[in-house]
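Student: I would like to learn how to read a few features of a protein model, beginning with the way helices pack. Could you take me through them one at a time?

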Amino acid sequence: MADYPIDARLRPIHEYHVAFVYLIATILFLLIPEYLMLADDIGYLFAAVCFWRLVVRFRQGRRIQKYQKLLWRYVPIRMKRRKLPVSTRRLYLGHGFEWTSEHTQRLADVTTQSYFGVRPEWHRRIHSFIDSHEMRLWVQPLVALRQWPSSWNPLRLSNPPNDSGNVALHGVGSSEGDRAVYLADAQRTGHVAIFGSTGVGKTIAFITQIRQDIAAGHITIVLDPKGDISLLNACYQEAKRAGRLDGFHCFHLGFPEFSSGYSPVGTFSRVTEVASRISSLLPGEGQSLAFREFVWRLVNVIARAMTELGGRVDVAAIGKYGQDIDPLAVRYLEYRLETIHHRDGAWRGDIERMIRQKRYRRRAAALSRYFQEHRIEDPLADSLIYIVQYDRQHFEKLTGSLLPLIDKLTTGKTADLLAPDYGVDTGLQPVFTWPEVIRSGGIVYVGFDSLTDPDVSSAVGNSMFADLTSTLGEIYKHRESRDATKKICVYADEFSELVGDQFIQLLNKGRDAGLRVTTGAQTREDLPVGFGDRDKAEQALGNYNSVIMFRARNTGTAEMLIDQLPTTTIHSKTVLSSERSTDTFTSSSEQRLNRERIKMLEPAHLAQLPPGEAFALIDGGKLYKIKVPLLTELETPEYDSIGQLMQHIREEQAGATYRPREVPVTIGTGEIDQRTLLPAVSTGGR
């Protein structure tokens, strides 16, 4: 068929009429050529010619019928798990086609011709009857029949159940046929943003991509604020299938008894990173900046002193000494006097005499005065002395923003996760660090339980981002010795609940360290709420080179994709008729072909996407219309909750040596016992 500016397939299928005539002619030429005054050989020849034309016309009509049917019938893509493409060079997104101006023209033609793109009348009448009588016993077979998704079923639902998306958005590309759509690995380093309303396919897209990365051997980190059991199950099943279960870590704030431990300040290359990670979680605008700078100095002094004493830095210790730094100051000052300056021990008598004479009620104050009188030079000691001598009330005001943050991270069951016990051979869950995960090529699932406590989940998430950013900075700094094949794939669903300044740094600086970030959100407006600043939200969005847009009810979210598309020219038909009656009656009728410049997509189109369908802007600005496949033959979770699944994972990993972590209700406030401070798995330098 010839190509026309306006789609010629939106019409009654006349090809079937012609094919029927050729069928009759073929039968006549075969059976009764003598009645047509033809010799048998000539009749057979004419029959062959008519049959050939019959096939040509029937195939043309069939193509038109198929095109028209796919404008109103939803056809999901199902794929067996073993058929899921796995590659280290590209990522499979789904099946679809590249959207061009031709598809915009077809969609406009469908929109202007109301008969096409909707279900036939008989189809609507039957389903209306079933809906009206579905509770009757004799109608139940019809109710069950229309749920059967086979293409041979004439009563199957045209759209997904309980949904009314515009199926024509994908049907206009049925002529080209669906093909696999991939995102090149070079494009993934520019990061991917996935947007869509609730229940439209974002989680399915995440699961499809996560399974590919785990199967390909990539370092995979899944950050899940809500705690979706399907994401955890996908990570577990794929890690088990790929033989990587030993390197799989589960961290969940809601189930500490089955969770791996993690310290956000446990590993560092420079001790100043500890203060930077903690202070970055505090507000830094306006008058809050001065308070944050003081907190940075305080935390830095605490971290330096604990490192010098051979202890492990954790948030619980920072909170303890942030309230009362005297015990730490006493330990450090006595350590310096004992090991470096006055080894004879005579200083002990002087200190005791100063306290007995009640010149100083606090031992820390007496030691501070002793250092000053003997002019002992030690920069860290000077910093501790300065803090010890600070006015107590003024000190509490300056640290007023630090203590609530530490309380969020160390209250109740959270303390057992973020200040883990690094005991040896205890049978408890392992403690993971980002350097160890990256070095061993591990898999990490993190559940933040944000629905229960959003403030704590946000604080933990930002501290994780800060720690991961620091680790990636070390990888970038020593990239000449880095294994170039290692790829770090981070997935963050509903990431607006976790974002902060550290997340922007992660996007900005992670590419050269092998980072590939894929994030999901419902609307564009979620980000300013998460950041607390619209400019920072736009800065974060500017770091995404690829956008996948599922159904978007929000106009601002849809325009984020539409504004990056060029305009195109479409044609429309106008029919004009006129008549005039004077001495003679005259009439005229004409059709005009109009041109109009429009956008390739409108926000209404994105709001009408069926579940599982999306537009993907990838490969330097190319627009694809895709369907995310529904994976079949998957292992369904055997447990009703994440806690049960995590317990099963731990039992499978640890076997008989496993025992759940005992979670205390509160954490003690006594001084740290030095005998429990064991060497770190991956310690930082000073």
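The dialogue below turns to helix packing, then to single residues, and finally to cysteines.

Tutor: Please keep in mind throughout that this is a predicted model.

Student: Where should I begin with helices α11 and α12, and at what angle do their axes cross?

Tutor: As a general idea, two packed helices are described by the angle between their axes and by the distance between those axes. Here the axes of helix α11, residues 288-308, and helix α12, residues 315-323, come within 10 Å and cross at roughly 115°. The crossing in which α11 passes α12 is right-handed.

Student: Which residues of α11 and α12 make the contact?

Tutor: On the α11 side the contact is made by Leu298, Val299, Ile302 and Met306, while α12 contributes Ala317, Ile318, Tyr321 and Gly322. Sorted by class, the contact of α11 with α12 has 7 nonpolar residues, 1 polar residue and no charged ones.

Student: Is Val299 buried or exposed, and with which residues is Val299 in contact beyond its sequence neighbours?

Tutor: Val299, which is found in helix α11, counts as buried because its relative accessible area is 0%, under the 20% cut-off. Leaving aside neighbours within four places in sequence, Val299 is in contact with Val274, Ala275, Ile278, Ile318 and Leu402. In the case of Ala275, the two residues are 24 residues apart along the chain, yet their C-alpha atoms are separated by 5.1 Å.

Student: Why does Asn462 count as buried?

Tutor: The reasoning is the one used for Val299: Asn462 is buried because its relative accessible area is 8%. Asn462 is found in helix α21, residues 454-477, and, with neighbours within four places in sequence left aside, it is in contact with Leu281, Leu498, Val499, Gly500, Asp501 and Gln502.

Student: How far does helix α3 reach, and which residues of α3 are buried?

Tutor: Helix α3, residues 101-112, has 12 residues and reaches 17 Å from its first C-alpha to its last, close to the 16 Å expected at 1.5 Å a residue. Its buried residues are His103, Thr104, Gln105, Arg106, Leu107, Ala108, Asp109 and Val110.

Student: How many disulfides does a search of the whole structure find?

Tutor: A disulfide is a covalent bond between the sulfur atoms of two cysteines. A search of the whole structure finds 0 disulfides. As for individual cysteines, Cys50 counts as buried because its relative accessibility is 11%, and Cys489 is likewise buried, with a relative accessible area of 0%.

Note on methods:
Residues are numbered from 1 along each chain as its sequence is written. This is a predicted model: local features need pLDDT of at least 70, side-chain atom pairs count only at pLDDT 80 or more; totals for chains, interfaces and linings use all residues. Side-chain values use heavy atoms; hydrogens and water are left out. Axes are lines fitted to C-alpha atoms, for helices over the stretch in contact, and angles run from 0 to 180 degrees between N-to-C directions. Helices (H or I, at least four residues) and strands (E, at least two) are DSSP runs, numbered from the N terminus. A crossing is left-handed if the near helix is turned anticlockwise from the far one by less than a right angle, and right-handed if clockwise. Contact means heavy atoms within 4.5 Å. Ala, Val, Leu, Ile, Met, Phe, Trp, Tyr, Cys and Pro count as nonpolar, Asp, Glu, Lys and Arg as charged, and the others, Gly among them, as polar. The expected span of a helix is 1.5 Å times one less than its number of residues. Buried means under 20% relative accessible area, exposed over 50%, partly exposed in between (1.4 Å probe, protein chains only). A disulfide is a pair of cysteine sulfur atoms within 2.5 Å.
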